[in-house]
Amino acid sequence: MVLNEGNQSSFILLGFSEYPHLQAPLFLVFLTIYTVTLVGNLGIIVVRTNPKLHTPMYFFLSHLSFLDICSSSVFTPKLLEILVVEDRAISFKGCMAQFFFGCAFVITETSMLAVMACDRFVAVCNPLLCTVAMSPKLCTLLVAGTYSWGRICSLTITYSLLELSFCGSKLIRDFGCEYSAIISASCSDPYMNLMSFNQMTCFIISTLNEACSLLIILASYVFIVVTVIRMPSAGGLQKAFSTCASHLTATTIFHGTVLFLYCVSNSKSSWLLVKVATVFFIVLIPMLNPLIYSLRNKDVKETVRSLINTKLLSHSI
């Protein structure tokens with residue numbers, strides 16, 4: 001790795017610097033979104049104290065909320081910082097650390113959504129065997145597997161980035177250290193074996209994760225649809241829909257944004273579009289997930305009311 005500490009030890013995050021009149025409004029908007037993200041996802045984790053929510057679905061959901069908190073916290077604080085200070089620099093080590101953790105949490109969340117689809121499949125197709133099939137031990141192993149896989153994939157991609165050379169202009173067009181921005185800041189020859197290997201590594205890992213996750217989700221919902229069609233009563237159909245609606249909505253938003261970012265070109269004309277889509281993926285989706293899973297969920301709403309009433313009662317006493 002070619003890195004001169006005196007010259008190449010940091011990157012400059014451009015963020016939304018081309019819109020100086022929007023810096024203050026954007027800061028307030030992103031701060032509000034980040035606050036709602038933290039409160040909403042922490043709320044999902046806290047409501048699991050209700051014994052009624054000690055089920056595989058809420059076990060996976062609490063980990064999804066934890067991942068949303070982590071992935072948002074990797075990028076949003078730095079985004080807020082560069083909106084209010086003139087120094088937009090991030091150290092080389094800080095940039096690589098931000099990429100590693102961001103990549104790890106996103107890959108883990110991709111796998112977690114696939115695991116949750118399998119849980120929905122079991123809940124709809126074999127409701128009587130749900131607690132037996134999705135035992136606490138199996139759920140723990142599945143979650144541990146998603147975290148481990150996310151770390152392994154992220155470590156592999158990050159290591160390949162560390163082998164690149166960085167010189168000359170070290171401007172990162174985005175508000176964080178994401179893959180394409182780091183590659184653009186590199187001065188390694190794109191036709192050299194090292195750069196080709198780096199890009200091939202990222203392509204294989206990202207494509208494998210996205211394809212496997214989507215295949216598992218699609219297969220789960222195909223079986224769910226077949227089971228629902230065979231249900232004799234309308235009540236069973238409504239219950240199956242309410243069981244899967246939240247996960248299906250969250251999955252569609254998450255993977256839809258990922259596929260959109262895959263398809264958009266990295267040309268200058270698309271920079272703003274990519275930046276907006278990245279903000280939606282990194283900042284907005286972590287806020288939307290707890291809203292999606294709680295607004296239509298009676299158990300969650302009842303638990304929240306119970307916790308609020310308990311707190312108010314304790315204060316009045």
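In this predicted model, S62 lies in helix α2, which covers residues 56-84, helices (H or I, at least four residues) being DSSP runs numbered from the N terminus. The relative accessibility of S62 is 10%, and the residue therefore counts as buried, a term that denotes under 20% relative accessible area with a 1.4 Å probe and protein chains only. The side chain of S62 reaches the backbone oxygen of F59 at 2.7 Å. When neighbours within four places in sequence are left aside, S62 is in contact with I44, I45 and R48, contact meaning heavy atoms within 4.5 Å. Residues are numbered from 1 along each chain as its sequence is written, and side-chain values rest on heavy atoms, without hydrogens or water. Because the model is predicted, local features need pLDDT of at least 70 and side-chain atom pairs count only at pLDDT 80 or more, whereas totals for chains, interfaces and linings use all residues.

I44 also appears among the buried residues of helix α1, together with Q23, L26, F30, I33, Y34, T37 and N41. The 24 residues of α1 (residues 23-46) should span 34 Å at 1.5 Å a residue, the expected span being 1.5 Å times one less than the number of residues, and the end C-alpha atoms of α1 are indeed 34 Å apart.

The largest nonpolar core (buried Ala, Val, Leu, Ile, Met, Phe, Trp, Tyr and Cys residues joined through side-chain atoms within 4.5 Å) has 77 residues, and F30 and F60 have the most contacts inside it. Helix α3 (residues 92-125) gives the most to this core, with 16 residues. Not counting residues up to four places away in sequence, F30 touches F16, T76, L79, L80, L83, V279 and V283.

Key: Helix = DSSP H or I, 4+ residues; strand = E, 2+ residues; numbered from the N terminus. Buried < 20%, exposed > 50% of the residue type's maximum accessible area, 1.4 Å probe, protein only. Polar contact = N/O pair within 3.5 Å; in protein donor to acceptor, adjacent residues only side chain to side chain.
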